[in-house]
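Q: Could you take a close look at one strand of this model for me, and walk me through what surrounds it? I would like to see its partners, its charged side chains and how it fits into the whole chain.

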Amino acid sequence: MANAQSGIDLYWLPLGAGGHSVRLNGRLFEAVAARRQRRPACDLYHSALVVHVPEGEFVIEQAPVRDANGANRGVVAVGAVGSDWAGRFRLFRYEVRRWRDGVIPDVAEAVGGPRRLSDDTRTARRLLGLVPLVPTPVWGRDELGAGEMWNSNSVISWLLAASGLPAADVMPPQYGRAPGWRAGVVVARRDQSHAGT
């Protein structure tokens, strides 16, 4: 991972890296979406951040709940997958991590390596402070009326936009798509406009 005294690095990870089931389901999802939208199918990406501050390095990522030891992974929020009802079972829950000295399990498969978004210590600290406040609607649904489903990319784009970074200008690798990215930007802008009224 890139190293610096302070900074925010974005990683683009191929959807399903390290897991054949997620990769296959992602390809099927994208094939159907591309056909409905009459466009070529794209590579799908999941995003994660590594935030560097003088006190240490933190991995920010949304991932499935692995076990009951979330505190060991810096879990600060959880949400349901698919439906509120299903979220009663660990298999259908996700967690949002702010993991000091953590790891991104499939970081070796990141396309293009880390992309530095900021070197500013205040912005990095602001983003870290926002992680526990990220919305946690049902994954895979548009409960917040953003125009697309909420997922791991929504969490990352919400954090970037809420931190004052131009998340709407961030693009996945060439020929790629990051479903859910726009949802995070839309919700962050809405939250900011409500805060200003």
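**A close look at strand β3**

A: Happily! Strand β3, residues 56–64, is largely enclosed by the rest of the structure, because 7 of its 9 residues are buried. Please keep in mind that this is a predicted model.

Let's begin with the partners. Strand β2, residues 43–53, pairs with β3 in the antiparallel sense over 5 bridges. Within that pairing, V50 stands opposite V59 of β3. The two strands form a hairpin, with 2 residues between them. β3 also pairs with β5, again in the antiparallel sense, and here there are 7 bridges. A63 has E95 in β5 as its bridge partner. As general background, the side chains of a regular strand alternate between the two faces of the sheet.

Now for the charges. E61 in β3 forms a salt bridge with R97, with the closest N and O atoms 3.9 Å apart. That pair links distant parts of the chain, since R97 is in strand β5 and E61 in strand β3, 36 residues apart. Since a salt bridge is counted within 4 Å, the 3.9 Å of this pair satisfies the cut-off. Both R97 and E61 are buried. The pair also belongs to a network of salt bridges that links E61, D67, R73, E95 and R97. E95 thus appears twice in this account: as the bridge partner of A63 and as a member of the salt-bridge network.

The loop between β2 and β3 has a charged contact too. E55 forms a salt bridge with R125, and their closest N and O atoms are 2.3 Å apart. R125 lies in helix α2 (residues 121–130) and E55 in the loop between β2 and β3, so this pair ties together parts that are 70 residues apart in sequence. R125 is partly exposed, with a relative accessible area of 41%, and E55 is partly exposed as well, at 39%.

For comparison, here is a salt bridge elsewhere in the chain. The side chains of D9 and R116 meet at 2.5 Å, N to O. D9 lies in strand β1 and R116 in strand β6, so the pair ties together parts that are 107 residues apart in sequence. D9 is buried, with a relative accessible area of 1%, whereas R116 counts as partly exposed at 29%. A search of the whole structure finds 7 salt bridges.

Following the β5 side of the pairing leads to the loops that flank that strand. F92 lies in the loop between β4 (75–80) and β5 (93–100), and at 35% relative accessibility F92 counts as partly exposed. Together with W85, F89 and L91, F92 forms a nonpolar patch on the surface, with about 480 Å² of accessible area in total. D101 lies in the loop between β5 and β6 (115–118). Its phi is near 55 degrees, a positive value in a residue other than glycine. Most residues other than glycine have a negative phi. D101 is exposed, with a relative accessible area of 58%.

On the β2 side, the picture extends to helix α4. The buried residues of α4 pack against β1 (7–14), β2 and α3; W181, A183, G184, V185, V187 and A188 are buried in this helix. The 15 residues of α4 (residues 181–195) should span 21 Å at 1.5 Å a residue, and the end C-alpha atoms are 22 Å apart, which agrees. A188 also gives a reference point for S163: their C-alpha atoms are separated by 9.3 Å, with the two residues 25 apart along the chain. S163 itself is in the loop between α3 and β7 and is buried, with a relative accessible area of 2%. Leaving aside neighbours within four places in sequence, S163 is in contact with T123, R126, L127 and L130.

Finally, let's step back to the whole chain. The protein chain holds 4 helices and 7 strands, running β-α-β-β-β-β-β-α-α-β-α from the N terminus on. Buried residues make up 46% of its 197 residues. Among contacts with a separation of 6 or more, 76% come from residues 24 or more positions apart. The chain exposes about 10300 Å², and carbon and sulfur atoms supply 54% of that area.

Note on methods:
Residues are numbered from 1 along each chain as its sequence is written. This is a predicted model: local features need pLDDT of at least 70, side-chain atom pairs count only at pLDDT 80 or more; totals for chains, interfaces and linings use all residues. Side-chain values use heavy atoms; hydrogens and water are left out. Patches are made of residues with over 30% relative accessible area and no salt bridge: like charges are joined within 9 Å, nonpolar side chains (Val, Leu, Ile, Met, Phe, Trp, Tyr) within 5 Å. Accessible areas come from the Shrake-Rupley method with a 1.4 Å probe; for residues, only the protein chains shown count as cover. Buried means under 20% relative accessible area, exposed over 50%, partly exposed in between (1.4 Å probe, protein chains only). Two strands pair if DSSP finds at least two bridges between them. The expected span of a helix is 1.5 Å times one less than its number of residues. Contact means heavy atoms within 4.5 Å.
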